[in-house]
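Take a moment to look over the sequence and the structure before reading on, and keep them open beside the text. The paragraphs that follow lead from one part of the picture to the next.

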2 protein chains.
Amino acid sequence: MALDDRKRLILQAIVEDYINSAEPVGSRSISKKPELNLSAATIRNEMGDLEEMGLLAQPHTSAGRVPTTGGYRMYVDSLMERYEMTAAEIEKMRQATSMKKQELEKIVRDVAAAFSGITGLPVIGMLPASEAGVVKNIKVVKVDDYTAMLIVSDKSGIIKNRLLKLNQDISESFADELSQILNQNLAGLTISEINISNMMEIRSAIGHNFEILTSVIELVHEAVSEIDSKQIFVDGLSNILRFPEYSSVDKVKELFDVLEDKENLSKLIVEANPTNCTKVLIGEEMPLDALKNNSLVIAPYRASDRLVGLLGVIGPARMDYSRIISGLEFFTAQLSGVLTKDFGTRQILLEMGKGDET
Amino acid sequence: MALDDRKRLILQAIVEDYINSAEPVGSRSISKKPELNLSAATIRNEMGDLEEMGLLAQPHTSAGRVPTTGGYRMYVDSLMERYEMTAAEIEKMRQATSMKKQELEKIVRDVAAAFSGITGLPVIGMLPASEAGVVKNIKVVKVDDYTAMLIVSDKSGIIKNRLLKLNQDISESFADELSQILNQNLAGLTISEINISNMMEIRSAIGHNFEILTSVIELVHEAVSEIDSKQIFVDGLSNILRFPEYSSVDKVKELFDVLEDKENLSKLIVEANPTNCTKVLIGEEMPLDALKNNSLVIAPYRASDRLVGLLGVIGPARMDYSRIISGLEFFTAQLSGVLTKDFGTRQILLEMGKGDET
DNA sequence: TGTTAGCACTCAACGCGAAAGAGTGCTAAT
DNA sequence: ATTAGCACTCTTTCGCGTTGAGTGCTAACA
């Protein structure tokens with residue numbers, strides 16, 4: 001059976017009506033729309049056809065129709081119109097990205113919060129996973145009496161730091177010396193290569209003050225592993241409570257359990273694999289059984305053509321795809337723009353590492 | 001009417017039964033307990049008395065009794081026995097605090113997560129609010145080509161840092177120069193005192209490179225304001241979904257709305273004001289109407305006698321006070337121990353500031 | 001041949017009342 | 001002072017008829 005223009009219009013109308021109302025839509029309410037001038041009976045016939053094609057379903061015999069996963073898919077792929085963001089939304093976005101010159105993590109979190117506010121849905125953010133986590137440079141800086149800061153940068157330009165609490169005061173020159181020793185021994189190594197044997201070497205190089213060394217190694221290791229693991233977070237989780245889909249606590253718990261488990265969530269995002277463009281996972285397309293009634297829209301953000309991280313929106317399958325997709329693409333584009341601009345031509349985040357400096 | 005020993009025993013039994021079952025407890029189930037050898041009828045008489053005293057209430061005439069706020073209060077203040085933490089719980093705690101030598105924030109977050117795991121309740125953590133946020137020392141360190149790190153420490157020893165992305169490479173000596181200029185102009189000032197006029201002064205001191213300066217000032221301001229505002233966070237929020245008290249989404253939303261609003265939450269915590277010991281707010285004692293069915297247990301943690309921050313547990317009024325209170329005191333004591341030990345005799349966090357060094 | 005009005009049919013949702021069950025308060029006996 | 005017994009109350013549950021939205025089918029119509 002062919003999906004002619006009239007069927008397409010009807011399907012679109014049904015999907016959009018359902019997205020708004022959350023209630024199965026009947027033939028009468030569609031026949032009332034002025035754009036298609038048809039009686040309820042005709043609509044009913046068409047609905048029957050659409051159901052046969054697997055695009056619609058009935059919760060029960062005497063109910064209206066509800067889009068199936070396939071129906072939403074058809075809508076998203078070829079029916080819906082692009083939503084234009086309002087001036088207010090654009091303004092909100094601008095504000096979230098205007099506090100420039102910050103760390104990547106803070107920028108992304110701010111953007112996620114703003115987007116969650118606009119969509120009224122939870123937003124998932126993923127920060128870059130570095131490649132291999134190769135230590136490029138380590139620096140120890142005296143900050144205060146009894147406190148030094150350890151700054152580790154890796155080859156991909158990510159920077160992590162840790163405070164180092166000491167039992168005794170150290171001189172600035174000792175900090176410099178320590179920096180040098182650490183760099184000589186650890187620069188160029190990956191996290192897995194930093195182990196007891198390096199530690200021994202460094203210990204002998206220092207020759208004294210064993211306690212500081214142990215702490216330092218511990219902290220370097222910790223900082224590097226943080227670089228190594230991709231970070232993931234969720235903002236605006238409680239937004240979903242507004243949807244009738246989550247009127248039962250069991251449903252809420254099901255979703256929360258997935259979203260609070262970073263491991264699982266990370267797997268989900270990676271499986272969605274939005275390598276180079278916005279990806280939409282609808283209902284039954286979701287890889288986790290617990291999420292079969294939800295949808296995920298996810299898109300990458302970049303800094304001059306290189307993938308940096310991901311931003312996603314999760315919600316009921318009955319979400320406003322048009323707004324969400326347009327919005328997400330707008331936001332990731334903005335984010336990419338900010339990152340590309342702010343971090344200069346030779347990207348701080350992306351630079352592959354050339355010379356060392358200590 | 002006096003609260004004799006028998007009444008106390010009965011009240012205790014009722015409260016504990018209700019904490020376990022979440023259902024109004026009837027006279028029969030209490031009379032079955034071997035420790036008080038009484039018939040249901042006798043228990044009923046006593047229950048009537050306890051109700052008259054405002055310690056129990058009936059949801060409706062033919063239901064069992066439920067503790068009132070006053071009943072819980074009596075239980076917490078003078079009836080309950082101290083819960084002894086199990087070896088497994090202590091081990092979990094030990095692990096959470098064993099990754100020492102970290103930043104305060106990370107330690108507290110780890111402890112909160114561990115405690116949330118043990119209690120199965122949301123845990124609220126509050127990090128120190130500094131006094132006035134006086135800048136003690138500012139340091140600019142070159143980290144990488146095009147990147148420098150700005151490290152601001154305040155008089156109370158809190159340290160914040162910001163990455164500084166540059167359009168051009170800078171030399172280490174320029175970073176040092178910048179550090180010196182910033183210190184000369186900003187050390188000793190509070191956040192509100194750092195404004196346009198200082199900025200002008202510094203600008204004239206540098207004499208060139210206006211763009212870097214603007215960013216630096218912005219970041220200093222940002223870092224100092226972060227010191228100035230107390231940080232607050234909630235861990236394990238989804239735990240509450242397990243309780244029948246939150247079987248309706250409205251109830252969940254009510255609680256979530258309060259806990260997601262950091263402003264409100266902060267006010268709540270401050271009003272609870274657990275100045276020097278564990279404080280329990282029960283049901284109607286809660287300052288917010290939306291929380292009249294919840295309770296909050298909150299306790300301070302310290303570093304050698306000086307208040308550092310707070311840790312709290314929030315949940316239904318029907319919470320296991322004995323476990324929660326014992327656990328929280330154990331945890332805050334551990335935390336205080338770690339902080340006191342790790343940060344040396346002259347506390348890094350608490351030191352009032354003596355000399356400067358650049 | 002496509003469209004529409006009419007109508008019987010289906011099924012969830014709602015409201016109502018009877019029955020069950022848990023627990024109480026009171027009274028009288030121990 | 002305690003307890004057994006009993007009438008009473010009130011929620012919970014279940015069954016059941018009613019309602020109403022919406023369908024599918026058929027026959028009339030353009």
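**Around the DNA strands**

A polar side-chain atom of A:Arg44 lies 3.3 Å from a base oxygen of DNA strand C, and this is a good place to begin, keeping in mind that the model is a predicted one. The backbone takes part as well: a backbone N or O atom of A:Ser39 lies 3.0 Å from a phosphate oxygen of DNA strand C, while a polar backbone atom of B:Ser62 is 3.3 Å from a sugar or linking oxygen of that strand. Two elements, α3 (40-52) of chain A and α3 (40-52) of chain B, give two or more residues to the surface near DNA strand C, and α3(A) gives the most, with four residues.

Stepping back to the whole surroundings of DNA strand C, one finds 20 residues, of which A:Arg6, A:Thr42, A:Thr61, A:Ser62 and B:Ser27 come nearest. Of the atoms of DNA strand C that come within 4 Å of the protein, 76% belong to sugar and phosphate. Sorted by class, the surface near this strand has four nonpolar, 12 polar and four charged residues.

Now turn to DNA strand D, which is surrounded by 20 residues, the closest being A:Ser27, B:Arg6, B:Thr42, B:Thr61 and B:Ser62. Two of these can be followed down to single atoms: an N or O atom in the side chain of B:Thr42 is 2.6 Å from a phosphate oxygen of DNA strand D, and an N or O atom in the side chain of B:Thr61 is 3.2 Å from a sugar or linking oxygen of the strand. From chain A, the side chain of A:Arg65 has an N or O atom 3.0 Å from a phosphate oxygen of DNA strand D.

Which element gives the most to the surface near DNA strand D? It is α3(B), with four residues, although α3 of chain A and α3 of chain B each supply at least two. Within 4 Å of the protein, 75% of the atoms of DNA strand D belong to sugar or phosphate, and the rest belong to bases.

Finally, look at chain B and its strand β6 (residues 159-165), where seven of the seven residues are buried. B:Ile159, B:Asn161, B:Leu163 and B:Lys165 point one way from β6(B), whereas B:Lys160, B:Arg162 and B:Leu164 point the other way. Strand β5 (residues 147-154) of chain B runs antiparallel to β6(B) and is joined to it by seven bridges; in one of these pairings, B:Ser153 has B:Ile159 as its bridge partner.

Conventions: Residues are numbered from 1 along each chain as its sequence is written. Chains are lettered from A and ligands numbered from 1 in the order in which they are written. This is a predicted model: local features need pLDDT of at least 70, side-chain atom pairs count only at pLDDT 80 or more; totals for chains, interfaces and linings use all residues. Side-chain values use heavy atoms; hydrogens and water are left out. A residue is near a molecule or strand if one of its heavy atoms lies within 4 Å of it. A polar contact is a pair of N or O atoms within 3.5 Å; within protein, one must be able to donate a hydrogen and the other to accept it, and residues adjacent in sequence count only if both atoms are side-chain atoms. Ala, Val, Leu, Ile, Met, Phe, Trp, Tyr, Cys and Pro count as nonpolar, Asp, Glu, Lys and Arg as charged, and the others, Gly among them, as polar. Buried means under 20% relative accessible area, exposed over 50%, partly exposed in between (1.4 Å probe, protein chains only). Two strands pair if DSSP finds at least two bridges between them.
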